[in-house]
Amino acid sequence: MSAARPLKSVDYEVFGRVQGRRPYTEDEAKKIGVVGWVKNTSKGTVTGQVQGPEDKVNSMMSWLSKVGSPSSRIDRTNFSNEKTISKVEYSNFSIRY
């Protein structure tokens, strides 16, 4: 990734009927070109972090809040700790357990 493009990091939590759909999130992240992780929480939400070029992170944020995986129902998505970073902390996008 070239240093000329600003890099962005954001944490997310998706509420609704969204568990069991993590492979779709992983596929979408890889398609868009962002890194980070996703995992189910004990309270029925999906949480994670996305990092990469700002425009690509914005695309992933849009997907996480509006599109989601087939047969998921997104009630709302909370984003937090949105910040500019000097380099990404992950080599890929992974599913955590």
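In the predicted model, the accessible surface of the protein chain amounts to about 5400 Å², and carbon and sulfur atoms contribute 47% of that area. Of the 97 residues in the chain, 45% count as buried. The radius of gyration is 13 Å, which agrees with the value near 13 Å that a compact globule with 97 residues would have, while the C-alpha trace spans about 40 × 20 × 20 Å along its principal axes. With regard to charge, the protein chain carries 16 positive and 10 negative side chains, and the centres of these two sets are 4 Å apart.

The secondary structure consists of 2 helices and 5 strands, which follow one another along the sequence in the pattern β-α-β-β-α-β-β. Among the contacts in the protein chain with a separation of 6 or more, 76% are accounted for by residues 24 or more positions apart. Several residues of strands β1 and β4, described below, provide individual examples of pairs that are distant in sequence.

Lys-8, which is placed in strand β1, counts as buried because its relative accessibility is 7%, a value under the 20% limit for that class. Its side chain takes part in two kinds of pairing, with an amide residue and with an acidic one: a polar contact of 2.4 Å is made with the side chain of Asn-58, and another, of 2.9 Å, joins the side chains of Lys-8 and Glu-82. When residues up to four places away in sequence are not counted, Lys-8 touches Val-50, Gln-51, Gly-52, Glu-54, Val-57, Asn-58, Met-61, Glu-82, Lys-83, Thr-84 and Ile-85, a list that includes both polar-contact partners, Asn-58 and Glu-82. The C-alpha atoms of Lys-8 and Val-88 are 8.3 Å apart in space, although these residues are 80 residues apart in sequence.

Ser-9 is likewise found in strand β1, which comprises residues 7-17, and this serine is buried, with a relative accessible area of 0%. Polar contacts link the side chain of Ser-9 to the side chain of Gln-49, at 3.5 Å, and to that of Gln-51, at 3.3 Å. Leaving aside neighbours within four places in sequence, Ser-9 is in contact with Gln-49, Val-50 and Gln-51, as well as with Asn-81, Glu-82, Lys-83 and Ile-85.

Turning to strand β4, Lys-83 is located in this strand and is partly exposed, with a relative accessible area of 41%. Beyond the residues up to four places away in sequence, Lys-83 touches Leu-7, Lys-8 and Ser-9. The C-alpha atoms of Lys-83 and Glu-54, which are 29 residues apart along the chain, are separated by 9.8 Å.

Asn-81, one of the residues contacted by Ser-9, also has its place in strand β4, which covers residues 73-85. The relative accessible area of Asn-81 is 48%, so this residue is classed as partly exposed, the value falling below the limit of 50% over which a residue would count as exposed. The phi angle of Asn-81 is near 50 degrees, a positive value in a residue other than glycine. Most residues other than glycine have a negative phi.

Arg-73 is a further residue of strand β4, and with a relative accessible area of 39% it is partly exposed. Its side chain makes a polar contact of 3.0 Å with the side chain of Asp-75. Residues up to four places away in sequence being set aside, Arg-73 touches Phe-15, Gly-16, Arg-17 and Val-18. For one of these, Gly-16, the C-alpha atom is separated from that of Arg-73 by 5.5 Å, the two residues being 57 residues apart along the chain.

Outside the strands, Thr-41 is found in the loop between β2, residues 35-40, and β3, residues 46-53. Thr-41 is buried, its relative accessible area being 18%, which lies under the 20% limit. The side chains of Thr-41 and Thr-45 are joined by a polar contact of 2.7 Å. Apart from neighbours within four places in sequence, Thr-41 is in contact with Gln-19 and Thr-47.

How values were computed. Residues are numbered from 1 along each chain as its sequence is written. This is a predicted model: local features need pLDDT of at least 70, side-chain atom pairs count only at pLDDT 80 or more; totals for chains, interfaces and linings use all residues. Side-chain values use heavy atoms; hydrogens and water are left out. Helices (H or I, at least four residues) and strands (E, at least two) are DSSP runs, numbered from the N terminus. The radius of gyration is taken over C-alpha atoms; the globule rule is 2.2 Å times the number of residues to the power 0.38. Buried means under 20% relative accessible area, exposed over 50%, partly exposed in between (1.4 Å probe, protein chains only). Contact means heavy atoms within 4.5 Å. Accessible areas come from the Shrake-Rupley method with a 1.4 Å probe; for residues, only the protein chains shown count as cover. Lys and Arg count as positive and Asp and Glu as negative; His and the chain ends are not counted. The place of a charge is taken as NZ of Lys, CZ of Arg, CG of Asp or CD of Glu. A polar contact is a pair of N or O atoms within 3.5 Å; within protein, one must be able to donate a hydrogen and the other to accept it, and residues adjacent in sequence count only if both atoms are side-chain atoms.
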